[in-house]
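Hi everyone, thanks for coming. Let me put the structure up on the screen, and then I'll walk you through it.

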Amino acid sequence: MKRLSLLVIVAAICLPAPLLAQHNSLENEIRNLDKAEAEAVLKHDTLTLETIWADDFTVNTPYNVVNRRKRGDRVNLHYSRFDRNTESLLLYSDSLAITMGGEVIVRKAPMTMAGQTLTRRYTHVWMRRAGKWQLAARHANFICTDTPQQQVK
């Protein structure tokens, strides 16, 4: 926490106000898109997802790697609950951002594990192309709560 506070202070001192305002604006835009993507998945809103997901959107799921071009625009995600907590946002330029955090989902039939509450960690890669932010890549993995933690020796 001290590191984060120090970073914010240094940025505020070193960055001119217009640049800091632009940085904050970009962060807000990405956080809103991260939230909108989760809401669109929950609502099975394919029209919104088509605008948020890049044409070459690629997902590393717990089961396989899926590319939108190969899969097409079929959205085979059926959730009764989808909570996303964006814990970190890294802004590398005005055209590349990464978000990371946790998700809690409850799947609906016909998906496997329907009705179970599942916890995942995720990473999103956002890219701005032709003036528009889109989700280019995603990685998600389940957190196994019934597996004892192993200590690294």
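So, four helices and six strands make up the protein chain here. Please keep in mind that this is a predicted model. If you follow along the sequence, the elements come in the pattern α-α-α-β-β-α-β-β-β-β. The chain has 153 residues, and 29% of them count as buried. For those of you who like contact maps: among contacts in the chain with a separation of 6 or more, 52% are between residues 24 or more positions apart. And on the surface side, the chain exposes about 9,900 Å², with 57% of that supplied by carbon and sulfur atoms.

Let's turn to the sheet. The six strands form an open sheet, and its order is β2-β1-β6-β5-β4-β3, with mixed pairing. At the edges you'll find β2, residues 65-67, and β3, residues 79-93, each of which pairs on one side only. From one strand to the next, the twist averages 20°.

Let me start from the β2 edge. β1 and β2 are joined by a hairpin through four residues. Their pairing is antiparallel, over three bridges, and if you want a landmark there, look for Asn-60, which stands opposite Val-65 in β2. Now move across to β6. β1 and β6 run parallel, and four bridges join them. Within that pairing, Val-59 has Arg-138 in β6 as its bridge partner.

Now jump to the other edge. β3 pairs with β4, residues 96-107, in the antiparallel sense, and that pairing spans 12 bridges. A handy marker on this side is Asp-83, which sits opposite Val-104 in β4.

While we're on β3, I'd like to compare two residues that follow each other in sequence. Thr-86 lies in β3, and so does Glu-87. Which of these is buried, and which is partly exposed? Thr-86 counts as buried because its relative accessibility is 18%, and the cut-off for buried is under 20%. Glu-87, at 46% relative accessibility, counts as partly exposed. There's a general point to keep beside that: in a regular strand, side chains alternate between the two faces of the sheet.

What does the side chain of Thr-86 make polar contacts with? One such contact goes to the side chain of Asp-34, at 2.8 Å. Another goes to the side chain of Tyr-122, at 2.9 Å. Leaving out residues up to four places away in sequence, Thr-86 touches Arg-31, Asp-34, Thr-99, Met-100 and Tyr-122.

Glu-87 has its own list. Setting aside neighbours within four places in sequence, Glu-87 is in contact with Met-100, Gly-101, Gly-102 and Arg-121. Arg-31 is 56 residues away from Glu-87 in sequence, and the C-alpha to C-alpha distance between the two is 10.0 Å.

Next, the core. The largest nonpolar core has 22 residues, and the members that touch the most others are Trp-53, Trp-126 and Trp-133. Where do its residues come from? At least two come from each of α2 (17-43), α3 (46-52), β1 (53-60), β3, β4, β5 (117-129) and β6 (132-142). The largest share belongs to α2, with six residues. As a general remark, nonpolar side chains in soluble globular proteins tend to be buried together.

Last, some backbone details, which I suspect this group will enjoy. The peptide bond from Ala-109 to Pro-110 is cis, with omega near 15°. Pro-110 sits in the loop between β4 and β5. Met-113 is also placed in the loop between β4 and β5, and although it is not a glycine, it has a positive phi of about 60°. Met-113 counts as partly exposed, at 29% relative accessibility.

Over in the loop between α2 and α3 we find His-44. Phi of His-44 is near 55°, again a positive value in a residue other than glycine. With a relative accessible area of 31%, His-44 is partly exposed.

To leave you with one picture, think of the open sheet running β2-β1-β6-β5-β4-β3, and of the 22-residue core where Trp-53, Trp-126 and Trp-133 touch the most other members. Thanks for listening, and I'm happy to take questions.

How values were computed:
Residues are numbered from 1 along each chain as its sequence is written. This is a predicted model: local features need pLDDT of at least 70, side-chain atom pairs count only at pLDDT 80 or more; totals for chains, interfaces and linings use all residues. Side-chain values use heavy atoms; hydrogens and water are left out. Two strands pair if DSSP finds at least two bridges between them. Axes are lines fitted to C-alpha atoms, for helices over the stretch in contact, and angles run from 0 to 180 degrees between N-to-C directions. Buried means under 20% relative accessible area, exposed over 50%, partly exposed in between (1.4 Å probe, protein chains only). Contact means heavy atoms within 4.5 Å. Accessible areas come from the Shrake-Rupley method with a 1.4 Å probe; for residues, only the protein chains shown count as cover. A nonpolar core is a set of buried Ala, Val, Leu, Ile, Met, Phe, Trp, Tyr and Cys residues joined through side-chain atoms within 4.5 Å. A polar contact is a pair of N or O atoms within 3.5 Å; within protein, one must be able to donate a hydrogen and the other to accept it, and residues adjacent in sequence count only if both atoms are side-chain atoms.
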